[in-house]
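This report examines selected local features of one protein model. Please look at the sequence and the structure before reading on.

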Amino acid sequence: MLEKLKNKYKNTSLRYDFYSHTKDIPAIDWNGLNPKDNIFLSLAYLKTLEDTLSDTVRFRYILFYDKKTPVALAAAQLIKFNPLQLKLQEFPCKISDTIKNTLFKNLDVKVLVCGNLFSCGEHGFVYNQNRISAKVAFENLSDALREIRKSENSEKPSFILLKEFWPESFNTSDYIKEHDFKEFKIDVNMVLQLDPSWSTFEDYLASMRTKFRTRAKNTFKKSAPIIVKDFTSSVIDTYKNEIDSLYLSVIEKADFKIGKLNASTFKSLKKSLDDKFVFKGYFLQEKLVGFTTAFILDNAVDANHIGIDYDYNKTYAVYQKMLYDYVALAISKKVSQLRLGRTAEIIKSCVGARPVEMKLYVRHGNSLSNTILKPLVELISPNEYEVRNPFKLQLD
C-alpha cells in the first residue's frame, strides 16, 4: 500500500515521496538535506537498523520536494508493543493511572515514531530553512505521517509520535501543534558542555572541586583491575553472546524501552560507520563485564548503549569508570558536548553533566480519541531529579 502513495500530490504546498527501504531512496537528494552529516540520519546507519531489526520494526522514509527540489526528509519507524514492555509503574515521567488505564490497558499499542527509537535527539526530521518555513515544513510533515498511518490497513498505528526536540528548536517544532499534536516533556537529557580549556583529561580533573576530584580518584582506584579494549566488528562478533547478555541486564533495569538493539546491530554499525562508532569492552581478567558504545557526531559525542554485569559494578565502580571514560573520549575528539542521555541524573551530574529538557509531540489517529488525549497528556510531567555541580566555577 505504501508504494501507492509514492509521488502522490497533496493539497499542501509540497510533494512527498515515500520509501520502505533505504536502497530505494535517491541518495543524492537525501544526503544533500543532511549537511551536518547526522549519523542517525545517514543512509549507512539507517540501512544497518533496517538489515538487523526488520523482524520487529518496520521503517518508513519520506522525501519532500518543492517542485523538483528536495527540501526536507523524515525517518520513521512503525512499532508494536504491549503494556508489559512499558513498565508503566516506572515510566520516564510522572504518568497517572488515568493515562495507563485509558490508553494502554489490555491492548497492543501500534505507534508511528518520527525520530529514532534508539537514540535521544532530533534524528527524525530535517528541512532546508532557506527554502521553506518551519510552519510549512511541519504542516507537510503532519500530512505525510498521517498518510503513512492511513496506508497501514490492519496494522494501522494508534498514535503518531515525534521525538525528541532540543530547547533551541521549541519555537519552530511547536508549529506541529497547529495540526492536533499535543506536546509533553519527558525526563531530562544529561549533557556535559566541555570547557574549551580542557586539552587533556587532567585539565578536566583540575577544574573539579576537591570532593569530586577525590571521588574520581577513588573510582580509578576501584576500577584499576579493569582492562578496556576497543572492539572491531569481528571482536564484537566473537563476544556476541556476552554482549547480548550484558545489554539485556541493562535493558531489564530501564524504566522505558520500546526499542532495543543487539550484538549483530553493533557489529554492523561498527562495520558501516568505522571510527564514527566507538565500541569498548571492559574486562576483568578474561571476563567481559561491560561495554560502552558512542557515536561521534559533528560536534558532540553521543554516549549511547551500554551493558554491565551488575555483580561487579559496585566493587569495581564499572559504571562510574564508564562515565569518566566517556568524558575522556569527548575531550580527545575535541567536541563541545557529551550527551549522556536520560536517567541516573545524580551520578551523571557528578561528572559535570547538566539537565536539558526535551519535548515530544503525540497525536491519536482517531479525532475523537485525540480530543480525549489532550487532558491526559497534560497530566504527564518529567520525574523529579537532583543534580550536583562538581566544578570549582558555578555552572549556569
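Which residues does Trp-30 touch, not counting residues up to four places away in sequence? In this predicted model, Trp-30 touches Ile-25, Leu-41, Leu-43, Leu-46, Tyr-61, Ile-62, Leu-63, Leu-73, Ala-74 and Ala-75.

Trp-30 belongs to the largest nonpolar core, which has 49 residues. Together with Tyr-45, Ile-243, Phe-266 and Phe-295, Trp-30 is among the residues with the most contacts inside that core. Helix α3 (residues 43-53) supplies the largest share of this core, namely five residues. A second core, separate from the one just described, has 40 residues, including Ile-306, Met-322, Leu-329 and Ala-353.

A polar side chain may also be considered. Ser-142 is part of helix α6 (residues 134-151). Its relative accessibility is 0%, so Ser-142 counts as buried, the cut-off being under 20%. When neighbours within four places in sequence are left aside, Ser-142 is in contact with Ile-176, His-179 and Phe-181.

The backbone is the next topic. Two residues with a positive phi, neither of them a glycine, are listed below.

| Residue | Phi | Loop between |
|---|---|---|
| Asp-274 | near 55 degrees | α12 (263-273) and β11 (277-284) |
| Thr-343 | about 75 degrees | β14 (337-341) and α15 (345-349) |

Is Thr-343 buried, partly exposed or exposed? Thr-343 counts as partly exposed because its relative accessibility is 39%, and partly exposed covers the range between the 20% limit for buried and the 50% limit for exposed.

Conventions
Residues numbered from 1 in each chain as written. Predicted model: local features only at pLDDT ≥ 70, side-chain atom pairs only at ≥ 80, totals over all residues. Heavy atoms only, no water. Helix = DSSP H or I, 4+ residues; strand = E, 2+ residues; numbered from the N terminus. Buried < 20%, exposed > 50% of the residue type's maximum accessible area, 1.4 Å probe, protein only. Core = buried A, V, L, I, M, F, W, Y, C linked by side-chain atoms within 4.5 Å. Contact = heavy atoms within 4.5 Å.
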